[in-house]
Amino acid sequence: KTADIVEYNGKEENVVIPAEVNGYTVTGISGWSGKPTSSHPLGAITGAFKNNKTIKTVVIPDTVKYIDDESFYGCTALESVMFGNGVEEIGDYAFENCTSLSKVYIPVSVKKIGAEAFGYTFGSELTLNKNFSMTCAKDSAAEKYAKENGITYDTYQVKINELAVSGIKDKEYTGKPVTQNIVIKNGNVVLDEGTDYTVSYSANTKVGTVEVTITGTGSYIGEIKSSFDILPAKQQIQKLETRFKGFFIDWAQKGSATGYEIEYSTNADFKDSTVKKLTANKPDTLTISGLTAGNKYYVRVRSYTNVGEKVYYGAWSDSKNITAAKYDITKSAISGISTKTYTGKNITQSVKVKYNGKTLKSGTDYTVSYSSNKKCRNSHSKDNRQRAIRRNCQQDIQDKPCQAEDTEAHSEVKGFLY
């Protein structure tokens with residue numbers, strides 16, 4: 001919630017404008033009040049402090065962003081104005097006819113100064129006060145105003161390394177130049193990149209430490225040195241399958257990595273975990289065995305990159321969980337694979353799998369997949385993972401009639417938890 005100061009009825013010589021009134025943040029000193037009309041859509045121009053003959057000093061808080069037209073017009077006793085670092089705009093005639101005001105310090109935050117805002121007296125004619133001077137930020141709107149109006153002025157530059165800087169943080173490798181969303185504040189005013197400062201980066205395309213140099217320009221002087229790390233990209237688990245007393249994991253290979261770490265635990269918070277370290281970036285798969293059958297395991301993976309003597313670690317992937325299978329499906333008895341006649345369509349089988357005399361359920365305990373099961377050929381149905389299962393289930397199937405090129409087809413049985 002914000003508010004404007006529209007009128008002052010006090011008698012004090014030294015006025016401090018409050019930053020807040022009844023819970024409202026004061027953001028402006030208005031020169032306009034009254035009921036709007038078609039000719040005066042903002043109301044009548046009155047000036048909040050206009051023609052006040054008592055005020056000698058005024059302090060404006062950082063919360064104020066604008067001082068409207070004629071706000072202090074005719075304050076003939078006014079000798080000193082202390083502007084807050086949030087003021088961005090000073091309106092037309094804002095301090096005209098302030099005949100006791102001989103010097104003002106304009107903060108670098110001011111981006112616009114209206115006509116005859118400072119240094120003028122208007123009576124029978126408009127005259128420039130020769131004893132009036134301004135202190136302005138270099139290359140600022142205030143310096144421009146002083147030059148254009150022939151006002152004596154001196155300049156200053158703000159040391160940028162004394163300001164608050166945020167927005168620099170570690171980022172992921174993308175393969176492209178990595179930059180930052182830098183925010184620099186002078187009080188409540190956010191500086192403009194390109195106008196108030198420039199930014200340069202060193203070696204910001206590869207995993208490693210990037211040096212950042214912020215250089216003040218125009219109204220700002222000096223440098224800020226900072227740095228951030230480009231970290232290996234966050235990995236993603238593409239496949240996590242159960243195995244007898246273990247699991248199989250396949251992850252997406254993202255970016256440049258020296259190797260990978262695979263962490264697994266029976267605890268979701270990875271307490272008492274085990275980490276397997278791969279010192280090469282290929283393959284990006286791993287089979288873990290020797291676990292406790294029937295236990296649920298939480299699994300995640302991350303990549304790392306060696307740069308000189310420093311190791312940079314990427315973020316852990318989102319974790320997934322898997323239960324280690326209790327039984328080895330390669331020791332099951334498989335039946336239901338028989339010779340089929342060519343149909344021009346994909347040919348499947350009524351596969352049955354038994355373990356210790358119990359029939360397992362397809363989709364719950366195992367899956368069946370086929371390759372090259374449409375064309376006419378001599379076919380083999382087998383599990384490609386274990387020789388044991390091939391001994392149990394391999395059967396030659398003669399498709400007939402057959403004129404096509406003789407090739408092989410395979411079906412593969414993969415075990416789930418059982």
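Ring pairs join Tyr 8, Phe 49, Phe 72, Phe 83, Phe 95, Phe 118, Phe 132 and Tyr 145 into a cluster. Rings of Phe, Tyr and Trp (its six-membered ring) pair if their centres lie within 6.5 Å; planes under 30 degrees apart count as stacked, over 60 as edge-to-face and the rest as tilted.

A word on the ground rules before the tour. This is a predicted model, in which local features need pLDDT of at least 70 and side-chain atom pairs count only at pLDDT 80 or more, while totals for chains, interfaces and linings use all residues. Residues are numbered from 1 along each chain as its sequence is written, and side-chain values use heavy atoms, with hydrogens and water left out.

## Aromatic pairs

The structure holds 15 aromatic pairs. In one of them, the ring centres of Tyr 105 and Tyr 156 are 4.8 Å apart and the planes meet at 15 degrees, so this pair is stacked. It links distant parts of the chain, with Tyr 105 in strand S11 (residues 103–105) and Tyr 156 in strand S16 (residues 152–156), 51 residues apart. Helices (H or I, at least four residues) and strands (E, at least two) are DSSP runs, numbered from the N terminus. How accessible is Tyr 105? Tyr 105 is partly exposed, at a relative accessible area of 46%, whereas Tyr 156 counts as buried at 15%. Here buried means under 20% relative accessible area, exposed over 50%, and partly exposed in between (1.4 Å probe, protein chains only).

Two members of the opening cluster give another kind of pair. The rings of Phe 118 and Tyr 145 have centres 6.4 Å apart and planes at 80 degrees, so they are edge-to-face. Phe 118 lies in the loop between strand S12 (112–113) and strand S13 (120–122) and Tyr 145 in helix H1 (residues 141–149), so the pair ties together parts that are 27 residues apart in sequence. Both Phe 118 and Tyr 145 are buried.

Rings also meet charges in this model. The charged end of Lys 1 sits over the ring of Tyr 24, 4.7 Å from its centre, and Lys 277 lies over the face of Tyr 304, at 4.8 Å from the ring centre. A charge sits over a ring if NZ of Lys or CZ of Arg is within 6 Å of the ring centre and within 35 degrees of the ring normal.

## Salt bridges

Side chains of opposite charge can pair when their charged atoms come close. The structure holds 11 salt bridges, each a side-chain nitrogen of Lys or Arg within 4 Å of a carboxyl oxygen of Asp or Glu. The table includes some of them.

| Lys partner | Acidic partner | N to O distance |
|---|---|---|
| Lys 56 | Glu 13 | 4.0 Å |
| Lys 225 | Glu 223 | 4.0 Å |
| Lys 234 | Asp 318 | 3.0 Å |

The bridge of Lys 234 and Asp 318 links distant parts of the chain: Lys 234 is in the loop between strand S25 (223–231) and strand S26 (237–243), and Asp 318 in the loop between strand S32 (310–313) and strand S33 (320–323), 84 residues apart. Lys 234 counts as partly exposed at 29% relative accessibility, while Asp 318 counts as exposed at 56%.

For the other table entries, Lys 56 is partly exposed, with a relative accessible area of 32%, and Glu 13 is partly exposed at 40%. Lys 225 is exposed at 61%, whereas Glu 223 counts as partly exposed at 43%.

## An open sheet

Strands of a sheet pair through backbone hydrogen bonds, either parallel or antiparallel. Three strands form an open sheet in the order S34-S35-S36, with antiparallel pairing. Which strands stand at the edges? Strand S34 (333–335) and strand S36 (358–359) do, each with a single partner strand, so one side of each is left without a neighbour in the sheet. Two strands pair if DSSP finds at least two bridges between them; strand S35 (residues 352–355) and S36 pair over two bridges. Lys 354 stands opposite Thr 359 in S36.

## Backbone details in loops

A cis peptide bond joins Lys 282 and Pro 283, with omega about 0 degrees. Pro 283 is placed in the loop between strand S29 (274–278) and strand S30 (285–288).

Asn 51 has a positive phi, near 60 degrees, in a residue other than glycine. Asn 51 lies in the loop between strand S6 (44–45) and strand S7 (57–59), and counts as partly exposed at 40% relative accessibility. Ser 372, not a glycine either, has a positive phi of about 55 degrees. The loop between strand S37 (366–371) and strand S38 (378–381) holds Ser 372.
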